[in-house]
Amino acid sequence: MYNPQRIPEAIRGYHEELIAIRRDIHSNPEHAYKEVRTAAIVAERLQAYDVDEVHTGIGGTGVVGVIRGRRDGDRAVGLRADMDCLAMNEETGLPWASKRAGFMHACGHDGHTTMLLGAVRYLARTRNFAGTVYAVFQPAEEGQAGAKAMIDDGLLERFPMSAIYALHNFPTLPLGAIGVRNGPMMGAADRIDITIEGRGGHGGMPQFAVDPVLAAGHLITAIQSIVSRNVEPCDAAVVSICAMEAGQMNAHNVIPRQVRLTGTVRTFRKETRALVEARLNEIAQNTAAAFGCRAEVNFIRGYPATINHPREAQLAAEVARELFGADNVLTDFHPYTTSEDFAFFLEAIPGAYIVVGQQSEAGQQLHHPCYDFDDRIIPTGAGLLAAIAERELP
């Protein structure tokens, strides 16, 4: 009788080895497209696990392991993990803390890589599936679009996949809980840069100047009307102006010539994304003009929204329930306004993005200098990935 619950239990048999790998990667973090050491560890482990093929250098430092099942099949499934770190200092004080100043694994990609290695080890040994599994180890998720780089480098042509899945740890969910929903999981992440041009002058004689600071103040307020007055109430969007640069603090009586604003836009629907971009341009230009200034908006599109496909989201939830029980699987929750470049995969092929809870008493969130991946969820994530592959390729 088929019993998927055996999979996490089997992976727990080499849990300690996986912990050692994870902590070694954590101690030696590597930034976007520089994951040379990490990629070498991945390739060495794949070869040690006797996968059928190991391909390196895809999209920069990406690695793909190929595992063929006991029987041929017309389907192939991709399992993806990200390998890069963040450019920030670690403050955990742990024995396995980062050895590289200015870099740390503050988002758990070291754990994601390790969970996929655990799944690969199991799948390569049992091969209890018909078809092919592609283990995709991706560089540069943190803002550098490594997923797109791998796709642009021919990943999906060289390794055609029927579906693809990925995991991410989430400190906001209970330890070991699984979250997956149909539709949006995470939002699109875009950057806005706004320049307001006026005419500088003496702070005591403003009648001879055209004040861009005044225009900027009104613009910051007016921009907030986009979500409250243009976006449908049942939809969701975030427009945040996060920084402002104007004049010099030691020049208290000088009206500057220029003000620069920068911020972020988060949306879930393509239509809403386009609406926000259009309204930003209209409001910025007209508000600036009302004060005699000129505004230029640069809307820089980043990652698209991470949109799960219905079949794959349902399959992932079903497998998770079989492994961990219905009470530990969440499917009815609001999407997150964070972003993920796994979205590029989901735009190209069917798939699902899944989150695994690692809530702890410490409560440190992602991208925090005291964050650390919780090694207890390695068998959870690895087991779920392996079980999904078996379900996809029966």
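Axes here are lines fitted to C-alpha atoms, for helices over the stretch in contact, and angles between N-to-C directions run from 0 to 180 degrees. The exercises below concern a predicted model.

**Exercise 1. Overall description**

Task: State how many helices and strands the protein has, and what share of its residues is buried.

Solution. Step 1: the protein has 12 helices and 16 strands. Step 2: buried residues make up 55% of the 394 residues. Step 3: along the principal axes, the C-alpha atoms fill a box of roughly 85 × 45 × 40 Å. Step 4: of the contacts with a separation of 6 or more, 82% are between residues 24 or more positions apart.

**Exercise 2. The packing of H3 and H4**

Task: Determine how the axes of helix H3 and helix H4 are related, and which residues make the contact.

Solution. Step 1: helix H3 covers residues 36-48 and helix H4 covers residues 109-126; their axes come within 10 Å and cross at roughly 15 degrees. Step 2: angles under 35 degrees count as roughly parallel, and H3 and H4 are therefore roughly parallel to each other. Step 3: the crossing of the two helices is right-handed. Step 4: H3 contributes Val42, Arg45 and Leu46 to the contact, while H4 contributes Thr113, Leu117 and Val120. Step 5: by class, the residues of this contact divide into four nonpolar, one polar and one charged.

**Exercise 3. A salt bridge between two helices**

Task: Identify the parts of the chain that the salt bridge of Asp110 with Arg22 ties together, and decide whether the two residues are buried or exposed.

Solution. Step 1: side chains of opposite charge can pair when their charged atoms come close. Step 2: in the salt bridge of Asp110 with Arg22, the closest N and O atoms are 2.9 Å apart. Step 3: Asp110 belongs to helix H4 and Arg22 to helix H2 (residues 15-27), so the pair ties together parts that are 88 residues apart in sequence. Step 4: buried means under 20% relative accessible area, and both Asp110 and Arg22 are buried. Step 5: the pair is part of a network of salt bridges that links Arg22, Arg23, Asp110, Asp372 and Asp375. A search of the whole structure finds 30 salt bridges.

**Exercise 4. Two further salt bridges**

Task: Describe the salt bridges of Asp341 with Arg80 and of Asp152 with Lys148, giving location and burial for each residue.

Solution. Step 1: the side chains of Asp341 and Arg80 meet in a salt bridge at 2.9 Å, N to O. Step 2: Asp341 is found in the loop between strand E15 (329-330) and helix H11 (343-348), and Arg80 in strand E3 (residues 71-82), so this pair ties together parts that are 261 residues apart in sequence. Step 3: Asp341 and Arg80 are buried.

Step 4: for Asp152 and Lys148, the closest N and O atoms are 2.9 Å apart. Step 5: these residues are four residues apart in helix H5 (residues 146-152), which means that about one helical turn separates them. Step 6: Asp152 is exposed, because its relative accessible area is 54%, whereas Lys148, with 37%, is partly exposed.

**Exercise 5. Locating Gln285**

Task: Place Gln285 in the secondary structure and state what separates its C-alpha atom from that of Gly102.

Solution. Step 1: Gln285 lies in helix H9, residues 270-290. Step 2: with a relative accessible area of 40%, Gln285 is partly exposed. Step 3: Gln285 and Gly102 are 183 residues apart along the chain, and 39 Å separates their C-alpha atoms.

Methods: Residues numbered from 1 in each chain as written. Predicted model: local features only at pLDDT ≥ 70, side-chain atom pairs only at ≥ 80, totals over all residues. Heavy atoms only, no water. Parallel < 35°, antiparallel > 145°, perpendicular 65-115°, else oblique. Left-handed = near helix turned anticlockwise from the far one by under 90°. Contact = heavy atoms within 4.5 Å. Nonpolar A, V, L, I, M, F, W, Y, C, P; charged D, E, K, R; others polar. Salt bridge = Lys/Arg side-chain N within 4 Å of Asp/Glu carboxyl O. Buried < 20%, exposed > 50% of the residue type's maximum accessible area, 1.4 Å probe, protein only.
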